[in-house]
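Q: Please take a close look at one helix of this model and at the parts it packs against. A connected account is wanted, written for a computational chemist.

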Amino acid sequence: MAKSKPRAPSAKTPPPSPAATCPAPHLDGLVSVLDEHGVVRPGCDPGLPPERLLYLYEQMVQVREFDRRMLMLQRQGRIGFYGPILGQEAATVGSVAAMEARDWVFPALREGAAAMMRGLPLVEAVNQLIGNGADRCKGRQMPCHYTLKEGNYYGMSSVIGTQVSHAVGAAMAAKLRGDDVVVLGFLGDGATSANDFHCGMNFAAVYGSPCVLFCQNNQWAISVPISKQSASETLAQKGKAYGMPFVRVDGNDVLAVYAVTKAAVERARSGGGPTFVEAVTYRRLGHSSSDDPTKYRDDAEVKVWEQRDPIDRCRAYLVGRGLWDERREAELKEAIALRVNAAIAAAEAHGPPADESLVTDVYAQVTPQLREQLAEVMALEGRRVNEGAFPL
Ligand SMILES: Cc1ncc(C[n+]2csc(CCOP(=O)(O)OP(=O)(O)O)c2C)c(N)n1
Ligand SMILES: [Mg+2]
């Protein structure tokens, strides 16, 4: 049997190709719109109006600041866990911006920005991270597992790869019902090794599920580099194997991400079925606040990707177009800092969820056994069950 050619280790991953390629389906070459200096490649401008461009930029800056502050809260012991997205802002913001409000988003691990773009107030995001009494998940979910039903943002499943099945299935349900809905399903590079990825991709292509499967290839799955994850030359080409359009995009180029996702969404909406997108990006911090990436990767690799920062590139573009300057930057930073501070203060003012919520939402009526167990647990701390707190 022919031995597959090993791929270069992640530390040596070559920089995104500088070749200019405008968005089109079936592309294995890297699609990019902005060059490394934030200049639009000739003929590639997606033609977004200024207010939309500024929206994309502001969303990226906001989620970066939110990320920075939440990691600090975690280090101070004010939240238990956090999964940072530093360096991946463009991939989420650009792709979600290409969806209509009626469409659905099925996030994976690093798409908190999508929840906010879909209308999750910052205070609710912090409530979820703390798991306090105002958290709509009642403190039952791990931090970063936001959910926003009214924003068509599905609560993330921690189980890697299942987001693909969920997104494909939801899109299929919409198709069968005749709803004009497209689903954007996220996954990581690591998820391409999971069973659900293969089942979901196959099902989506065979039945023409109206979805966009968006893989954030951030080069790492905790400590496993992409070179150990897949022997395929690109992840994008896995779309070809399943018989669906696929595209490989510079994930740090918000305009390119927007353009390829928009094209994929339009294809799905017009009955053209699913598209597989590989967004090439990089996870600049640890997998989560529990991880120390210095134990398994070379800092030189991180430094290379710092130079490809998605926000710097977008800012250079906006400045070049006369849409941005230092004064506006300072004003935006100040406004975001105030917003995040207010969200933290409001969230920290809430107490923990009521003890009684431990036993609700499982049965229509709390069973005698659960009441007994709850009373026993609460008695350990000298508290008594508030019978009015749940339906009996
Ligand atoms: C089925 C399953 N196996 C293992 C894990 C543990 N786990 C959590 S995140 C993760 C890596 C995910 O990597 P990737 O898909 O590249 O996403 P990223 O964290 O890079 O965004 C693993 C293995 C899990 N949650 N689910
Ligand atoms: Mg990854």
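A: The account below begins with helix α11, turns to its packing partners, and then takes up the core, the ligand shell and several individual residues. The model is a predicted one.

Helix α11 comprises residues 310-320, and its buried residues are Pro310, Arg313, Cys314, Tyr317 and Leu318. Viewed along the axis of α11, these buried residues fall within an arc of 135°, so they line one face of the helix. Against which helices do the buried residues of α11 pack? Their partners are α1 (50-75), α2 (89-96) and α9 (254-269). Just after α11, glycine 322 adopts a positive phi of about 75°.

The three partners may be taken in turn. Helix α1 contains 26 residues. From the first C-alpha of α1 to the last, the helix reaches 38 Å, close to the 38 Å expected at 1.5 Å a residue. Just after α1 there is again a glycine with positive phi: glycine 77, at about 80°.

A contact with residues numbered within the range of α1 is made from helix α12, where leucine 332 is found. Leaving aside neighbours within four places in sequence, leucine 332 is in contact with Glu58 and Val61. Leucine 332 counts as partly exposed because it has 17 C-beta neighbours inside 10 Å, the cut-off for a buried residue being 20 or more. Between the C-alpha atoms of leucine 332 and proline 143 the distance is 27 Å, with 189 residues separating the two in sequence.

Helix α2 is the second partner. Its buried residues are Glu89, Ala90, Ala91, Thr92, Val93, Gly94, Ser95 and Val96. Since 8 of the 8 residues of α2 are buried, the helix is largely enclosed by the rest of the structure.

Helix α9, the third partner, leads into the nonpolar interior. The largest nonpolar core has 97 residues, and those touching the most other members are Val183, Cys211, Val212, Leu213, Val260 and Val277. The largest share of this core, 11 residues, is supplied by α9. In soluble globular proteins, nonpolar side chains tend to be buried together.

Valine 265 offers a local view of α9, the helix in which it is placed. With 22 C-beta neighbours inside 10 Å, valine 265 counts as buried. Not counting residues up to four places away in sequence, valine 265 touches Ala98, Met99, Val182 and Val212. Valine 265 and leucine 184 stand 81 residues apart in sequence, yet their C-alpha atoms are 8.3 Å apart in space.

Cysteine 211 gives a second view of the core. Apart from residues up to four places away in sequence, cysteine 211 touches Ala167, Val168, Ala171, Val182, Val183, Gly185, Ala204, Ala268 and Pro274. Val182 is thus one of the residues touched by cysteine 211, and it is also among those touched by valine 265.

Strand β7 (residues 246-250) supplies two further buried positions. Aspartate 250 is placed in this strand and is buried, with 29 other C-beta atoms within 10 Å. The C-alpha atoms of aspartate 250 and proline 84 are separated by 20 Å, and the two residues are 166 apart along the chain. Arginine 248 also lies in strand β7, and with 26 C-beta neighbours inside 10 Å it counts as buried. Arginine 248 and cysteine 215 are 33 residues apart in sequence and 9.5 Å apart in space, C-alpha to C-alpha.

The surroundings of ligand 1 comprise 17 residues, of which the closest are Ile160, Gly188, Gly190, Ala191 and Ala221. By class, the shell divides into 8 nonpolar, 6 polar and 3 charged residues.

Ala221 is one of the closest residues to the ligand, and its number is the last in β5 (220-221). Isoleucine 222 is found in the loop between β5 and β6 (224-225). The phi of isoleucine 222 is near 50°, a positive value in a residue other than glycine. Isoleucine 222 has 14 C-beta neighbours inside 10 Å and therefore counts as partly exposed.

Aspartate 361 likewise has a positive phi, of about 70°, although it is not a glycine. This aspartate is placed in the loop between α12 (326-348) and α13 (368-380). Is aspartate 361 buried or exposed? Aspartate 361 is exposed, having 11 other C-beta atoms within 10 Å.

How values were computed
Residues numbered from 1 in each chain as written. Chains lettered and ligands numbered in written order. Near = placed C-beta within 6 Å. Nonpolar A, V, L, I, M, F, W, Y, C, P; charged D, E, K, R; others polar. Buried ≥ 20, exposed ≤ 12 C-beta atoms within 10 Å, placed from the backbone. Helix = DSSP H or I, 4+ residues; strand = E, 2+ residues; numbered from the N terminus. Arc of directions from axis to C-beta. Contact = placed C-beta atoms within 7 Å. Expected span 1.5 Å × (residues − 1). Core = buried A, V, L, I, M, F, W, Y, C linked by C-beta atoms within 7 Å.
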